[in-house]
Amino acid sequence: MENENTGLLAGPDGVKRCFWHGNLPDYLHYHDHEWGRPVIDDRRLFEKICLEGFQSGLSWLTILRKRENFRAGFANFELDKIAAFTDKDVERLLGDAGIVRHRGKIVSTINNAKRAREMVDEFGSLAAWFWKFEPGPDERPAIVDLAHLRANPTTAVSVRISKELKKRGWSFVGPTTVYAFMQAMGLVNDHLEGCVCRVQVEKERKAFKRPK
């Protein structure tokens, strides 16, 4: 049962975690094994920021359950392959009932792949670009609790990244979308205080070799 003050929920194993997975098996696995773990792989970073764009207006669980369909439709989110997509691919994807069929977001993903390719050429990797925005200790709360997360769906850093991406021609990368990406990819550790994964993720972040 969720504690309304702490936002923690005991799992089937009796261990306390962030409440939002609702003890749904696939969502629980995502919470325990993916969310907040630092990521350096460009393909995963690009996939996530694209899927966060598709998630806008929906629940992440909806997208998570369609993720394999998205991977199949979008060439496993390989930058060069998506950048070469044509109008024929847009129409193919609009006919794919396994994904979110939103023309603007589909076209945006193709555009963003081209922009991401430019950034890889300029910075060596997407990871090198994104991780340079990792918030410092002075930009993070002393304690990550439910009240803090509810009050901060965006941050100064996510606003900054969003603006920089838009300057580079990206779309569907608003500050809320970017912050959800930062949380998921480990640029911040927003597992709640008292969640079993918080300490695990913090250890991974300390051992994580930042890209240069």
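# Close-up views of a predicted model

**Figure 1. A salt bridge in helix α5 joins aspartate 89 and arginine 92.** Aspartate 89 forms a salt bridge with arginine 92, and their closest N and O atoms are 3.1 Å apart. This close-up, like those that follow, shows a predicted model. The two residues are three positions apart in helix α5 (residues 87–94), so about one helical turn separates aspartate 89 from arginine 92. Aspartate 89 counts as buried because its relative accessible area is 18%, which is under the 20% limit. Arginine 92, by contrast, is partly exposed, with a relative accessible area of 38%. The charged end of arginine 92 also sits over the ring of phenylalanine 85, 5.3 Å from the centre of that ring.

**Figure 2. Two salt bridges lie within helix α2.** In the first view, the side chains of glutamate 47 and arginine 43 meet in a salt bridge with an N to O distance of 3.1 Å. Glutamate 47 and arginine 43 are four residues apart in helix α2, and therefore about one helical turn lies between them. Both glutamate 47 and arginine 43 are buried. In the second view, a salt bridge of 2.8 Å, N to O, connects the side chains of glutamate 52 and lysine 48. Because glutamate 52 and lysine 48 are four residues apart in helix α2, they too are separated by about one helical turn. Glutamate 52 and lysine 48 are both buried. Lysine 48 has a further contact: it lies over the face of tryptophan 60, at 3.2 Å from the ring centre.

**Figure 3. A network of salt bridges links Arg43, Glu47, Glu68 and Arg71.** The pair of glutamate 47 and arginine 43 shown in the preceding legend belongs to this network. The structure as a whole holds 21 salt bridges.

**Figure 4. Aromatic rings form pairs and a cluster.** A search of the whole structure finds 16 aromatic pairs. One of them joins tryptophan 129 and phenylalanine 130 in an edge-to-face arrangement, with 5.1 Å from centre to centre and 80° between the planes. Tryptophan 129 is buried, as is phenylalanine 130. A second view shows one aromatic cluster, which is made up of Phe46, Phe54, Phe70, Phe74, Phe77, Phe85 and Trp170.

**Figure 5. The structure holds one cavity of 30 Å³ or more.** The largest cavity contains about 70 Å³ of space. Among the residues that line this cavity are Ile49, Phe54, Lys105, Asn112 and Trp170. Helices α2 (42–55) and α6 (103–123) each supply at least two residues of the lining. By class, the lining comprises six nonpolar, five polar and one charged residues.

**Figure 6. The largest pocket has a volume of about 590 Å³.** Its lining consists of 24 residues, and those nearest the centre are Trp20, Trp35, Leu149, Ala180 and Gln183. Helices α1 (25–33), α2, α8 (146–151) and α10 (175–184) each provide at least two lining residues. The largest share, six residues, comes from α10. The lining of the largest pocket has 13 nonpolar, seven polar and four charged residues.

**Figure 7. The second largest pocket holds about 180 Å³ of space.** This pocket is lined by 13 residues, of which Pro135, Pro137, Arg140, Glu202 and Arg205 lie nearest its centre. Six nonpolar, two polar and five charged residues make up the lining of the second largest pocket.

Key. Residues are numbered from 1 along each chain as its sequence is written. Side-chain values use heavy atoms; hydrogens and water are left out. Rings of Phe, Tyr and Trp (its six-membered ring) pair if their centres lie within 6.5 Å; planes under 30 degrees apart count as stacked, over 60 as edge-to-face and the rest as tilted. Buried means under 20% relative accessible area, exposed over 50%, partly exposed in between (1.4 Å probe, protein chains only). A charge sits over a ring if NZ of Lys or CZ of Arg is within 6 Å of the ring centre and within 35 degrees of the ring normal. On a 1 Å grid over the protein atoms alone, a cavity is a set of points where a 1.4 Å probe fits but cannot get out, and a pocket is an open set with protein on both sides within 12 Å along at least five of seven lines; lining residues have an atom within 4 Å of a point. Grid points are joined across faces, edges and corners, and a volume is the space filled by probe spheres set on the points. Ala, Val, Leu, Ile, Met, Phe, Trp, Tyr, Cys and Pro count as nonpolar, Asp, Glu, Lys and Arg as charged, and the others, Gly among them, as polar. A salt bridge is a side-chain nitrogen of Lys or Arg within 4 Å of a carboxyl oxygen of Asp or Glu.
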